[in-house]
Amino acid sequence: QRGLTTCHFVLSAATSSSRTERTSARTSGEVGLRTAATSERYRGPQDNNPFGMNRSKMATDFNGTWKLVESENFDAYLEALGVNYMLRQLAKAATPRQEIQQNGDNFVIKNSGIQTKVTTFTVGQEFEDDSPIGRVKCTISWKDGKLHGDLEGPRGLMTTEREIREDGRLYFTLTAPNGTIAVRIFAKE
């Protein structure tokens with residue numbers, strides 16, 4: 001039953017530290033703040049982003065328990081990955097839950113369904129995980145307020161995106177190496 005989940009973006013709960021430095025601009029004489037992690041500058045009140053943080057990171061809070069309520073094209077996605085018929089039927093019949101603990105860029109995601117799997121990860125740090133096609137190297141990043149995953153495996157590149165839309169539901173979009181797309185929709189419990 002191993003490998004029915006795709007790189008579920010679980011990051012270590014260890015918090016990353018970011019040092020803030022005072023800097024002075026030589027041309028305008030303004031004083032600003034810069035984080036060691038981003039090296040972006042705060043240029044004053046007009047910037048309204050004092051720590052140079054990616055706004056999309058600040059906007060999305062995935063914390064909570066999420067239950068699968070809808071699935072689109074999941075069987076075709078699993079078939080594109082080479083998952084056999086019996087495992088596809090088990091995967092489609094399951095109603096998984098995801099418990100997500102997020103602390104900034106650090107994630108712990110516990111997936112419960114046919115099996116229970118815990119994934120821990122930090123955005124921007126590569127890690128390895130199991131997928132329906134075997135072991136994959138995963139890199140998770142923030143893109144437009146979404147958690148975007150690149151998963152390099154034995155059959156090529158798979159991608160994932162997690163986002164919370166205006167309806168309050170979590171949309172988990174999976175793309176197989178051949179371009180087949182599935183969407184798994186979760187509601188917060």
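Rings of Phe, Tyr and Trp (its six-membered ring) count as a pair if their centres lie within 6.5 Å. By that rule, the structure holds six aromatic pairs. One of them joins Phe 121 and Phe 127. Their ring centres are 5.5 Å apart, and 15 degrees separate the planes. Planes under 30 degrees apart count as stacked, so this pair is a stacked one. The model described here is predicted.

## The aromatic cluster

Phe 121 and Phe 127 do not stand alone. They belong to one aromatic cluster with Phe 62, Phe 107 and Trp 142. Are Phe 121 and Phe 127 buried or exposed? Both are buried.

Phe 127 also has a place in the strand pairing. It stands opposite Cys 138 in strand E8.

## The sheet

Strands of a sheet pair through backbone hydrogen bonds, either parallel or antiparallel. Which sense is found here? The pairing is antiparallel, in an open sheet of 10 strands. The order runs E6-E5-E4-E3-E12-E11-E10-E9-E8-E7. E6 and E7 stand at the edges. Each has a single partner strand, so one side of each is left without a neighbour in the sheet. On average, neighbouring strands are turned by 25 degrees against each other, direction ignored.

Three of the pairings can be followed in detail. The table gives the bridges and one residue pair for each.

| Strands | Bridges | Residues paired |
|---|---|---|
| E7 and E8 | five bridges | Phe 127 and Cys 138 |
| E8 and E9 | seven bridges | Lys 143 and Lys 146 |
| E11 and E12 | six bridges | Tyr 171 and Ile 185 |

E11 covers residues 170-175, and E12 covers residues 181-188.

## Between the edge strands in sequence

Strand E6 (116-122) and strand E7 (127-131) are linked by a loop, and Val 123 is found there. Why does Val 123 count as buried? Its relative accessible area is 12%, and buried means under 20%. Val 123 also has a distant residue in sequence to compare with: Leu 147 is 24 residues away along the chain. In space, the two are 8.3 Å apart, C-alpha to C-alpha.

## Two residues with positive phi

Asn 73 and Asp 144 each have a positive phi, and neither is a glycine.

Asn 73 lies in the loop between strand E3 (64-72) and helix H2 (74-80). Its phi is near 65 degrees. With a relative accessible area of 42%, Asn 73 is partly exposed.

Asp 144 sits in the loop between strand E8 (134-143) and strand E9 (146-153). These strands form a hairpin with two residues between them. Asp 144 takes a positive phi near 55 degrees there. How exposed is Asp 144? Its relative accessible area is 74%. Exposed means over 50%, so Asp 144 counts as exposed. Beside this loop, Lys 143 has Lys 146 in E9 as its bridge partner.

## Charges over rings

Two arginines sit over aromatic rings. The charged end of Arg 162 is over the ring of Phe 172, 4.1 Å from its centre. Arg 165 lies over the face of Tyr 171, at 3.8 Å from the ring centre. Tyr 171 takes part in the sheet as well. Its bridge partner in E12 is Ile 185.

Definitions and conventions. Residues are numbered from 1 along each chain as its sequence is written. This is a predicted model: local features need pLDDT of at least 70, side-chain atom pairs count only at pLDDT 80 or more; totals for chains, interfaces and linings use all residues. Side-chain values use heavy atoms; hydrogens and water are left out. Helices (H or I, at least four residues) and strands (E, at least two) are DSSP runs, numbered from the N terminus. Buried means under 20% relative accessible area, exposed over 50%, partly exposed in between (1.4 Å probe, protein chains only). Two strands pair if DSSP finds at least two bridges between them. Axes are lines fitted to C-alpha atoms, for helices over the stretch in contact, and angles run from 0 to 180 degrees between N-to-C directions. Rings of Phe, Tyr and Trp (its six-membered ring) pair if their centres lie within 6.5 Å; planes under 30 degrees apart count as stacked, over 60 as edge-to-face and the rest as tilted. A charge sits over a ring if NZ of Lys or CZ of Arg is within 6 Å of the ring centre and within 35 degrees of the ring normal.
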